[in-house]
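Colleague: Got a minute to walk me through this one? I'd like the overall picture, then the details.

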Amino acid sequence: MKLQTRCVHQNGPLLTDGDIVTPVHTSVIFAMRTPSSVSGAQYGRIHNKTRASAESVLAGIHNAKFGITASSGSAAITAVCLLLHQKSIVLHHTELYEGTRRILRTIMQPFGVTAVPVNFHNVSLAGNEIAKIKPSLVWLETPTNPSLRLLDIARIAAIARKNEALLAVDTTMCSGLLQQPLVHGADIVVESLTKNLNGHSDALGGFVGTNNKNLAQKLRFLIQTTGMVLDPVSASLILRGIKTAPVRIKAQQQSAQTVGKWLSHHPLIRQVLIPGKMNSEERLLLRRQMSGRGQLISFILKQHADPISTIEKLRLICIAHSFGGTETIIQHPASMMDWSRLTEDLPDRQLLRLSVGLEHPEDIINDLKQALEQ
Ligand code: PLP
């Protein structure tokens, strides 16, 4: 069965009485036959049927043998980092989601974990660093944020494996529907469900997938024990979002291509950044590891155009954090992301990131046009 059909016809432990939509199961305590009983659901932090349904659907999307949800993408990232020990080294690509950078530096560093940035666009050089530094974990996001560059998951996975390091890939920027890192050799995949899969900007959620049983058990233990679990209402909103995600993403991606093309001809735009368009190597990577470019585009204004006053003139498109929802939103990464104190890879001040929504592309273009030309 195709992925699009599996997203609509969801399977899970609650769909037993002819339910077509997964019910929200709210009980957090369950009657026990004897005090020593270990069977049954026991407690809401340990087990919830709506959450379990979401986990089985998400594991299917990611081609993962084991899938565990978390209360947010950040909680999922934290759970992976909690697999580390004192003196562990994490080698990560230089362009990294600011929240992951904060988790690694501000939270994990005091526990003796060291995070080392390396440029993974040059895989051979990055491979030399992996062999020299011997990290426990290699961390990538592809496409990257906000440059939307692609990294070679399969090549990096092979090098990590040879050096006995785990490879974790955050696939949030395009979602598991467009890229399944486990298929290309990653050990762990992470996705913020808050973005494309929920798609309506009304639930926070995270997912960790793996094919390694031992890792899955540890990750589930960490998420249950720290209480970073996905709540059943958010799980149900995410399951509802997944039903329409393949068609939403397809439509948004198509509009993004139209908007990107228009931007690329505008005299005030220096460069438009779209996944898989940077060079021939990334065009090849797009074909090999992704099934679409997604709905995100970044663009760099020429020096004499001010990015902040430009986006303040937008009427339809909102200035907002996040991406992947039904409304088109725009972000100025240099001022809206918290780059303070973490200055190794500041984004270009002229760069804007657009998450194209489900409006008619002509309306999106008209709004950008009036803001750019005022
Ligand atoms: N990973 C990436 C690439 C992100 O952009 C984000 C949030 O913007 C996250 C993870 C964190 O997700 P959440 O906001 O659900 O905690």
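Colleague: How much of the contact map is long-range?
Modeller: This is a predicted model, to begin with. Of the contacts in the chain with a separation of 6 or more, 74% link residues 24 or more positions apart.

Colleague: And what share of the residues is buried?
Modeller: Buried residues make up 49% of the 374 in the chain.

Colleague: What is the radius of gyration, and what would a compact globule have?
Modeller: The chain has 21 Å. A compact globule of 374 residues would have a radius near 21 Å, so the two agree. The C-alpha atoms fill a box of roughly 75 × 50 × 35 Å along the principal axes.

Colleague: How many helices and strands?
Modeller: 12 helices and 12 strands.

Colleague: Let's take strand β2. Why is it largely enclosed?
Modeller: Strand β2 covers residues 89-93. 4 of its 5 residues are buried, so the rest of the structure largely encloses it.

Colleague: Which way do β2 and β3 run, parallel or antiparallel?
Modeller: Parallel, with 5 bridges joining β2 to β3, residues 114-118. H92 stands opposite P117 in β3.

Colleague: What unit do they make with helix α4?
Modeller: A right-handed β-α-β unit: β2, then α4 at residues 98-108, and β3.

Colleague: How many bridges between β2 and β4?
Modeller: 3, again in the parallel sense; β4 is residues 137-141. There, V90 stands opposite L137.

Colleague: Switching to the ligand. Which residues are closest?
Modeller: S72, G73, S74, S192 and T194, out of 15 that surround the ligand.

Colleague: How does that shell divide by residue type?
Modeller: 10 polar, 3 nonpolar and 2 charged.

Conventions: Residues are numbered from 1 along each chain as its sequence is written. This is a predicted model: local features need pLDDT of at least 70, side-chain atom pairs count only at pLDDT 80 or more; totals for chains, interfaces and linings use all residues. A residue is near a molecule or strand if its C-beta atom, placed from the backbone, lies within 6 Å of it. Ala, Val, Leu, Ile, Met, Phe, Trp, Tyr, Cys and Pro count as nonpolar, Asp, Glu, Lys and Arg as charged, and the others, Gly among them, as polar. A residue is buried if 20 or more other C-beta atoms lie within 10 Å of its own, exposed if 12 or fewer, and partly exposed in between; C-beta atoms are placed from the backbone. Helices (H or I, at least four residues) and strands (E, at least two) are DSSP runs, numbered from the N terminus. Two strands pair if DSSP finds at least two bridges between them. A crossover is right-handed if, with the strands pointing away from the viewer, the path from the first strand over the helix to the second runs clockwise. The radius of gyration is taken over C-alpha atoms; the globule rule is 2.2 Å times the number of residues to the power 0.38. Two residues are in contact if their C-beta atoms, placed from the backbone, lie within 7 Å.
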